[in-house]
There are 2 protein chains.
Amino acid sequence: MYRIDFSDFFSSAFSVDCIIFGYSEDKIKALLIKRSVKPFENYWAVPGDLVYPDEDLPQAAERVLYELTGLKNVEMHQSETFGNPNRHPEGRVITISYFALIRIEVFEVKASSWAEEVSWVPIFDIPQLAFDHNHILNSTFDLLCQKLQNEPICFDLLPERFTLNEFQKLYEYAFQVEMDKANFRKKIKSVPLVAHEEKQKNVKHRPAKLFSFNKTTFDKLSELGDCRFKM
Amino acid sequence: MYRIDFSDFFSSAFSVDCIIFGYSEDKIKALLIKRSVKPFENYWAVPGDLVYPDEDLPQAAERVLYELTGLKNVEMHQSETFGNPNRHPEGRVITISYFALIRIEVFEVKASSWAEEVSWVPIFDIPQLAFDHNHILNSTFDLLCQKLQNEPICFDLLPERFTLNEFQKLYEYAFQVEMDKANFRKKIKSVPLVAHEEKQKNVKHRPAKLFSFNKTTFDKLSELGDCRFKM
DNA sequence: ATCAATTATTGTCATAAGTACAATTAATAA
DNA sequence: TTATTAATTGTACTTATGACAATAATTGAT
């Protein structure tokens, strides 16, 4: 026997919002879309939409992202859930935010569906967004910064082959600090990187060596103890 | 103009689940209730229930917790959201889990509403639970362990005045490792603790000094740099 | 009162990590 | 060839970590 009439409760909707982070020109950027529909028509927003009644959340996030921006095959991670009763003007909609880290240069984005435009915007230059999307984006960036300190996810943002300087500048931008080159290199010496013969090109000074992250070795090492990415 | 008929989407419900952690007898425990209603009648479960259509999520978590266990005035933190379409046998219900850390000895719990019984169960001795509550509880415990390493939340679990041994044993239990007493004391020397004259009582050996955490000093210190609680 | 038992607390020493800063190296462009 | 730029390595000092030993304070038994 049930204690209440369930049907009263089944009157809500939920959505997913996708925060896509990328890194280029020494800046961490988020992918935004310009809405061509009400509410918040013509506002910039994070790609997101309602979830179908029988759809699983991670799938919904992937679908919505693909429909609006053409991005697919990106690994989504859950972030926070926002459920203020007044956050959506048209009814009770709680939203579950997901985030992904991608290499800007290997993915191509293209506005579609009700997204009129897409744009990569540096995380510290975000304009006023639709709904509570500024709040969602900021919280998720905080989460990213936390994860940057505890997991090797920086390599999802960096190109497959990167210079140590690019690596360092990613942390410098995320935490808005300056770091000593020599000391940065010492700190990362426990991270399994592969040094390649190949060098940086088209620079007007001594070219830097290119490195890549060896995930296999990392996973073996981190099985035993814990790892830190506090730079 | 809207692109779809919104009403199709407004047919879901959501719930909150409350993971309450406590610490006693050198063990981290979770508060469980025994269900006296279907579905999963007579199963142990995490306290949780449906959210009213106009209710904010943190408020819902506090209300539900109070209704089922009598606990109130505990600070709730959001954990993960679980939305598998089949997770609830009666319809699409996504659940947002919240967690709180309390001092077992200063709160009194009492089963009420459709909770038939309440019990503090050590986190490593959890039985089979209703719904996907084992999964929810495990994920949230993982989150707790992460936070234990980065924030001074252990003091929400410890009594207001605690011995350094109790402090150490909390970490030892959480991470299932043994630690060296002398080295533990060195590591925590950056944590602002107040040493009291008062000593441990009713022990048949040399009584330990009692300490308490100085949050004010901690907040001042951590404004500048970052803090770590890696023990 | 003395002593064994038990746990709290402090100390030592070798090794690793972190920090500030200096020196050296390898490329480009004039 | 040389100035310029940034990459890369080195040095010296301080601080943290980890294994282990030594000392201190209490209770309960003799």
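## Strand E1 of chain A and its neighbours

Two strands pair if DSSP finds at least two bridges between them. In this predicted model, strand E1(A) meets that condition with E4(A), residues 48-50, through three bridges in the antiparallel sense. Within this pair, Val16(A) lies opposite Asp49(A) of E4(A). A second antiparallel partner is E2(A), residues 27-35, joined to E1(A) over four bridges. Here Phe21(A) faces Ala30(A) in E2(A). Two residues lie between the strands in the hairpin of E1(A) and E2(A), and in this hairpin Glu25(A) has a positive phi near 55°.

E6(A) pairs with E1(A) in the parallel sense, over nine bridges. Asp17(A) is found opposite Ser97(A) of E6(A). Of the twelve residues of E1(A), eleven are buried, so the strand is largely enclosed by the rest of the structure. A residue counts as buried if 20 or more other C-beta atoms lie within 10 Å of its own.

## Helix H1 of chain B

Helix H1(B) covers residues 57-69, which makes 13 residues. From its first C-alpha to its last it reaches 18 Å, close to the 18 Å expected at 1.5 Å a residue. After the helix comes Gly70(B), with a positive phi near 80°.

The buried residues of H1(B) are Leu57(B), Ala60(B), Ala61(B), Glu62(B), Val64(B), Leu65(B), Leu68(B) and Thr69(B). An α-helix has 3.6 residues a turn, so residues three or four places apart point the same way. The buried residues of H1(B) pack against five strands of chain B: E1 (13-24), E2 (27-35), E4 (48-50), E6 (93-101) and E7 (115-122).

## Where chain A meets chain B

Contacts between the chains involve 30 residues of chain A and 30 residues of chain B. On the side of chain A that touches chain B, the elements giving two or more residues are strands E1 (13-24), E5 (77-82) and E6 (93-101) of chain A. E5(A) gives the most, with three residues. By class, this side of chain A has 15 nonpolar, seven polar and eight charged residues.

## How the two copies are related

Two copies of a chain are related by a rotation about an axis and a shift along it. For chain A and chain B, a turn of 180° and a shift of 0.0 Å along the axis lay one on the other with an RMSD of 0.0 Å. The two copies are therefore related as by a two-fold rotation axis. The same surface serves both copies, since 100% of the contact residues of chain A recur in chain B.

## The surfaces near the DNA strands

Around DNA strand C there are 19 residues, of which Ala182(A), Arg206(A), Ala182(B), Ala208(B) and Lys209(B) come nearest. At least two residues of this surface come from each of H5 of chain A, H4 (164-175) of chain B and H5 of chain B. H5(A) gives the most to the surface near DNA strand C, namely four residues. By class, this surface has five nonpolar, five polar and nine charged residues.

DNA strand D also has 19 residues around it, and those that come nearest are Ala182(A), His205(A), Lys209(A), Ala182(B) and Arg206(B). Helices H4 (164-175) and H5 (181-187) of chain A and helix H5 (181-187) of chain B each supply at least two residues of the surface near DNA strand D. The largest share, four residues, is from H5(B). Five nonpolar, five polar and nine charged residues make up the surface near DNA strand D.

Conventions
Residues numbered from 1 in each chain as written. Chains lettered and ligands numbered in written order. Predicted model: local features only at pLDDT ≥ 70, side-chain atom pairs only at ≥ 80, totals over all residues. Contact = placed C-beta atoms within 7 Å. Nonpolar A, V, L, I, M, F, W, Y, C, P; charged D, E, K, R; others polar. Near = placed C-beta within 6 Å. Least-squares fit on C-alpha atoms with pLDDT ≥ 70 in both. Expected span 1.5 Å × (residues − 1).
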